[in-house]
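Please prepare a briefing on how the chains of this assembly are related and how one pair of them meets.

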Protein chains: 4
Amino acid sequence: MVMKIGMIGLGKMGGNMVIRLKNGGQDVVGFDRSQEAIDHLVSQGVAADALTSDMDRFIELLGEPGQRAVWVMVPAGQITQSVIDDLAGRLSAGDVIIDGGNSNFHDTQRRGEALAAKGLHFVDVGTSGGVWGITEGYGMMVGGPDEGVERIRPALEALAPAPDRGWGHMGPTGSGHYVKMVHNGIEYGMMQAYAEGFELMKAHQTFNLDMAQIAEVWRHGTVIRSWLLDLTAEALKNSADFDQLSDYVADSGEGRWTIIDSIELGVPTPVITLATQMRFRSQQDVSYQGQMLSAMRRAFGGHAVKT
Amino acid sequence: MVMKIGMIGLGKMGGNMVIRLKNGGQDVVGFDRSQEAIDHLVSQGVAADALTSDMDRFIELLGEPGQRAVWVMVPAGQITQSVIDDLAGRLSAGDVIIDGGNSNFHDTQRRGEALAAKGLHFVDVGTSGGVWGITEGYGMMVGGPDEGVERIRPALEALAPAPDRGWGHMGPTGSGHYVKMVHNGIEYGMMQAYAEGFELMKAHQTFNLDMAQIAEVWRHGTVIRSWLLDLTAEALKNSADFDQLSDYVADSGEGRWTIIDSIELGVPTPVITLATQMRFRSQQDVSYQGQMLSAMRRAFGGHAVKT
Amino acid sequence: MVMKIGMIGLGKMGGNMVIRLKNGGQDVVGFDRSQEAIDHLVSQGVAADALTSDMDRFIELLGEPGQRAVWVMVPAGQITQSVIDDLAGRLSAGDVIIDGGNSNFHDTQRRGEALAAKGLHFVDVGTSGGVWGITEGYGMMVGGPDEGVERIRPALEALAPAPDRGWGHMGPTGSGHYVKMVHNGIEYGMMQAYAEGFELMKAHQTFNLDMAQIAEVWRHGTVIRSWLLDLTAEALKNSADFDQLSDYVADSGEGRWTIIDSIELGVPTPVITLATQMRFRSQQDVSYQGQMLSAMRRAFGGHAVKT
Amino acid sequence: MVMKIGMIGLGKMGGNMVIRLKNGGQDVVGFDRSQEAIDHLVSQGVAADALTSDMDRFIELLGEPGQRAVWVMVPAGQITQSVIDDLAGRLSAGDVIIDGGNSNFHDTQRRGEALAAKGLHFVDVGTSGGVWGITEGYGMMVGGPDEGVERIRPALEALAPAPDRGWGHMGPTGSGHYVKMVHNGIEYGMMQAYAEGFELMKAHQTFNLDMAQIAEVWRHGTVIRSWLLDLTAEALKNSADFDQLSDYVADSGEGRWTIIDSIELGVPTPVITLATQMRFRSQQDVSYQGQMLSAMRRAFGGHAVKT
């Protein structure tokens, strides 16, 4: 099946998705304020007249009112809010707005109510897969009203690894972003588990182990084989590059939101939480708690402390 | 290449490995004290005269002294020790003993020294893959002297998912069991990350999410796809069965040893540690720390506590 | 110095505070909807005509408009909100409302703005000390505008362990409840540290240690002596009673809010967080994550699991 | 009661204990290889002829064979072992050796057996109180045979905060060091709880809170008042000094041993463990796990990472 769909935001994620949709036979148009993003997509083979930095023009390209569908793929937060506000004023009852970004599910629930009041269908798609999605397909967790989800089914089937795999309609509005949020929390925990194990083996110098070899061996036949391990094995192949990396680990909102949800629900999530808090620790230049512990040790024990 | 190899211990792991070795063209003989285990393997197509519950006979079946290789696949600890002690008295310089079980690497290092003093080659193989290894191949982390490892290469190549994948020579004696130990520590962390995420989604009742569907969707295209997730998705398909499971989670030695190693080396492993400690918690009927906290709360706050 | 002050909520905390204020020479009146709470205070020597279950009468007892001060000591949340709403309609510019309960500091900040708009002074007092406060004095963390805080200074000095100890003006509205919130988070961490240590010693059966003796010994001269330990030692004296306690550990909002604040600020708080999450765990009858881990273990290892 | 007792090791701990013993009316002699340590004690009023750097002389000063008591206060590990080995050769049946240091209880149990075989009484004393012990008394957890403990009772009563407080006979040999080990584990947890709370309040800049004021307020009337908090409040008074402290937090063996014991016994100790692991983290210059997480993020998400 073929559908017409517009993409707002042609960056790393949105741009790749335009290409995968086009390759999947969909009729896709795109908007980005940046001409550079548009030029890049044109260089990748997307027709120039399907891309625009003019919002009025973009809306025209979407087709008939009541049949239009716009996939918003911009940073979560204020930018997503203002794009959706703008679209709400331009689109009509029956049109579909998809938020494919990493929005907080509370925001999504609120937006869903506001858009439903205008007769718009709001579909939230938690999208996983990163830069590999263009070739391997995207994992997509979809929330929203049945009609909206059904309307964009051709796009979802084209973006997924296969039409019947790697995507699903989770539940009402917000559930897609919610499940994606938990997905990312789990991801933090898994990443930290691997990283701890490798750091430990590195520190156990008796055996002089080869991290790249171990990661490669573990990819096949073991209980802990995974796609993250595949990527890690690849990254370890060039250790010279690896050694130059900072140990600063950024975190996006989802890990934090997962923890907050678990606290509100009273569910113990020690692994997801610790994985996230170790990132916080990595982001500190000087740890005030460390200084305080040094001060205490000096106070009761006369322990020499570093200054 | 073909080699002759003897397997001691024809249980769930050892028995399956005999079959995979045979299917891989190796000349394999087996020993188990249990006739039942032997009968089971015969029913699976292994020649009856290659299996025995008589240790003298088993040693005869192994072939020429100095060329023999015995793979020990019995429970770690005292049983492994006594089997190796027995073999050490029966075998000769140049023979190879493989410990394929989950022995503590400190024990392995000690045993390696003792056996090397007698001219025996001792190879430790951390073996992963569980009940699926017979069809998918085993992930194997190998430690020991080069000569010993090279001698059993045909067996390793037959047991692995492919001759050049899923196994590797990690380093000196003990390193195979060491890397397998860390593998299991990581496994605990990953399992706990998934379990926390699913428990959270289950508890977030607003969306009435379908755990089986989510696990299935996540298997394709997402960052957290893995073999553990494949198994989890399969297990969730029959929720009636799932609901009857106990929440008691056993732990084998490896998680504990991983933590002890990290403590001795001063490496922070919060995720692996917490994953293991949550298992400890699951193993308690009554938590004394919980009782003490109740007592404290009552003492300072006059809080009503359950009795 | 003497001031007139009204107390709303004459339960375990509020009732005791009325008595301590009276003993401290303050002119205190009280309101509670429950005649039983009033009767109890009368039996403790509080004058019957200073107590009422009639709100109109209570307001009359407070004295001159613009000079009145009301201390609200009711459960956080909806009840606190409705009491404050009611008071806001009855009091006048210049009057002071104190929230001595465990309100969330975000609510307090919001209420402070609303009340300031009406010319009312809103002071938040995080109050610690539990049932012992009546004799030992209350630790109080005070937030709010200078004028409001100064107006109630006589009451604070009477409630505190000493006029110049155990209380302080932390900062603007909300800061009192905020510091009290963190205080409770720390309390969770400390309690859990003790409880883990005692559980460990209990489990180490070789030494057959006496928990009550240890707690008593630790109270003097050691680095970990504290008031919580004093209470624990007392509780341990009657071990027969102790053994009958449930291991269910309730948690109030403050621990959760502390964690949420730390997540929002990106500050690592592993100890406070884990202490709280272990309480969550204690509150579960069946752990879904435990069931899932059992299911995984069975799936990959054929491990026997409890059902 | 008065007894004669010899102290080996006149450093920060042992030297202060000599003074407290002397002030407590005990007949104490001391040995240290360092003349500087001896001179310092003499300057503090200890008689020069009671102190020596000559071991033969020291043994003479101890009095009659079979009635002698030597308190060893030297660093745990090899030094303690060699001092005890030396003493075992010089002393006779009926003499008492006390290990007042932070030895591992497994070592203590082993040493106790070896010394008992020679008729020597071996008493282990876990000693808490740090540099404050000289004035406030030492908290002491005592293990060993009844006869040995009774023989040194006068010394214990003089060292304790009061004759009947702050010390106790915990159980057989090793139990004193064991309980002290757990004491230190709890200490780590408590310190970390405070440090997390203060770091959080420091980071919550809205309220511009004064850490020194908060610590001082919390010392009186609150649930979390403790001796550690007293010291912290004192340390915070000079914030200029505080800000110059390193955030590197050393750890002694006891925290690690506590965790290892908990792992071996299967007791969940998340707070003690995390408190210790955060110290490990503080000791790292570059975190390899941080680098690995950066590498993974770049691999799957194309996330920009710091280099």
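The points below treat symmetry first and then one interface.

This is a predicted model, in which local features need pLDDT of at least 70 and side-chain atom pairs count only at pLDDT 80 or more, whereas totals for chains, interfaces and linings use all residues. Residues are numbered from 1 along each chain as its sequence is written, chains are lettered from A in the order in which they are written, and side-chain values use heavy atoms, with hydrogens and water left out.

**Symmetry**
- Chain A is superposed on chain B by a rotation of 180 degrees with 0.0 Å of shift along the axis, at an RMSD of 0.0 Å (least squares on the C-alpha atoms of residues with pLDDT of at least 70 in both).
- That is the relation of a two-fold axis, and the C-alpha of chain A nearest to this axis, that of Ser226(A), is 1.9 Å from it.

**Interface of chain B and chain D**
- In chain B, 21 residues are in contact with 21 residues of chain D (heavy atoms within 4.5 Å).
- The two chains bury about 1800 Å² between them, 68% of it on carbon and sulfur atoms (accessible area, 1.4 Å probe, lost on being put together and summed over both).
- Ile263(B), Pro268(B) and Gln277(B) lose the most area to chain D in chain B, together 35% of what that side buries.
- The rule finds zero salt bridges across this interface (a side-chain nitrogen of Lys or Arg within 4 Å of a carboxyl oxygen of Asp or Glu).
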